[in-house]
Amino acid sequence: MNKIEIEQLEKEINHLDNFFEENKIIEWIAHCVALFSKIKVNNEIISNFLKFFGGFRIRKNEMNFGINSVIYEFGPFSKSQKDNHYELTGSLYYKKIAFTSARVILKSKQEEEKLVPRWLIKELPIKKYSNLISSLELIEKSYQDKSADGLVKNSLTLLDSILNLDNKLKEKEPRGKLNCLIDNKNEREKFGVSRDFVTALNNNRVIRNEEVIHKDLPIKYNIPFLVSLSFAHLVLLFLEITITTGKIIE
């Protein structure tokens, strides 16, 4: 499911959630069930929704002076013989459950379309790590824009910012920082990474262009998007490991 499809489904959820035209209840129920099925809402939730809203009943209502009237009911909606439209007279309990479920599922699908996990940004205190958060947001934008150059530049900036959290590495050149991690076990333990992982970062093809990138000059090589994406994944994984098992980010 791509970004455009997700946005279209989100609009449809909002439309149906707020749509109760008097004489179109059956059509509304059918559209809701079709939408929930498309989003893959749990079948039991859909079944309960359909039973609750699709149940049609006719009951007699005794009025004053022994005169009876007929009440027509569709789930929580009802109308009398005198009325030409249905009114909401019951609870919207099942509606809330079904639409909330649909939104939660759609939100998870939106997350699947992202490169940078939402939790990664939320895990970082804004004031202390604003530079890391800024790089993460720019990496995500570059990914959505399918910009190979943007992925490389912003991933390198993020990598350098992570390494600079260690004062011992801060004064070294970018490539020297990674070499220091490869050679120094104590330094690697601060970030929680293995020697092989740092070697993979250091040997990545895009690293060779970092001098050009850090001088804000155009990248001279046509770096395929997938190669850039691979490097971005490595840097993001480096940050995740540093957060979860390292000693640098608290």
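On one side of helix α11, D196 and N203 are exposed. The other side of this helix, which spans residues 195-203, carries F197, V198, L201 and N202, and these four are buried. Viewed down the axis of α11, the buried residues fall within an arc of 135°, so they line one face of the helix. An α-helix has 3.6 residues a turn, so residues three or four places apart point the same way. The model under discussion is a predicted one.

The chain as a whole contains 13 helices and four strands. It has 250 residues, of which 40% count as buried. Among contacts with a separation of 6 or more, 55% are made by residues 24 or more positions apart. The exposed area of the chain is about 15,000 Å², and carbon and sulfur atoms supply 50% of this area.

**Aromatic pairs**

The count of aromatic pairs comes to eleven. One of them joins W28 and F53: the ring centres are 5.3 Å apart and the planes stand at 70°, so the pair is edge-to-face, the cut-off for that class being over 60 degrees. W28 belongs to helix α2 (residues 25-39) and F53 to helix α3 (residues 43-54), so the pair ties together parts that are 25 residues apart in sequence. W28 is buried, at a relative accessible area of 2%. F53 is likewise buried, with 0% relative accessibility.

The two residues also belong to a cluster linked by ring pairs, whose members are W28, F36, F49, F52, F53, F77, Y93, Y94 and F99. At F99, a charge is involved as well: the charged end of K95 sits over the F99 ring, 5.3 Å from its centre. A further arrangement of this kind places K146 over the face of Y143, 5.1 Å from the ring centre.

**Salt bridges**

Side chains of opposite charge can pair when their charged atoms come close. Four salt bridges are found in a search of the whole structure. The table lists three pairs with the distance between N and O atoms.

| Salt bridge | N to O distance |
|---|---|
| K141 and D145 | 2.8 Å |
| D160 and K177 | 2.6 Å |
| E187 and K190 | 3.0 Å |

The surroundings of these pairs can be described in turn. In the pair of K141 and D145, K141 is exposed, with a relative accessible area of 51%. D145 has a relative accessible area of 47% and is partly exposed.

Which parts of the chain does the salt bridge of D160 and K177 link? D160 and K177 meet through their side chains, and the pair links distant parts of the chain, with D160 in helix α7 (residues 148-163) and K177 in helix α9 (residues 174-183), 17 residues apart. Both D160 and K177 are buried.

The pair of E187 and K190 lies within helix α10 (residues 185-191), where the two residues are three residues apart, about one turn of the helix. E187 is buried, at 3% relative accessibility, whereas K190 is partly exposed, at 27%. D166 joins E187 and K190 in a network of salt bridges.

Definitions and conventions
Residues are numbered from 1 along each chain as its sequence is written. This is a predicted model: local features need pLDDT of at least 70, side-chain atom pairs count only at pLDDT 80 or more; totals for chains, interfaces and linings use all residues. Side-chain values use heavy atoms; hydrogens and water are left out. Buried means under 20% relative accessible area, exposed over 50%, partly exposed in between (1.4 Å probe, protein chains only). The arc is that of the directions from the helix axis to the C-beta atoms. Rings of Phe, Tyr and Trp (its six-membered ring) pair if their centres lie within 6.5 Å; planes under 30 degrees apart count as stacked, over 60 as edge-to-face and the rest as tilted. A charge sits over a ring if NZ of Lys or CZ of Arg is within 6 Å of the ring centre and within 35 degrees of the ring normal. Contact means heavy atoms within 4.5 Å. Accessible areas come from the Shrake-Rupley method with a 1.4 Å probe; for residues, only the protein chains shown count as cover.
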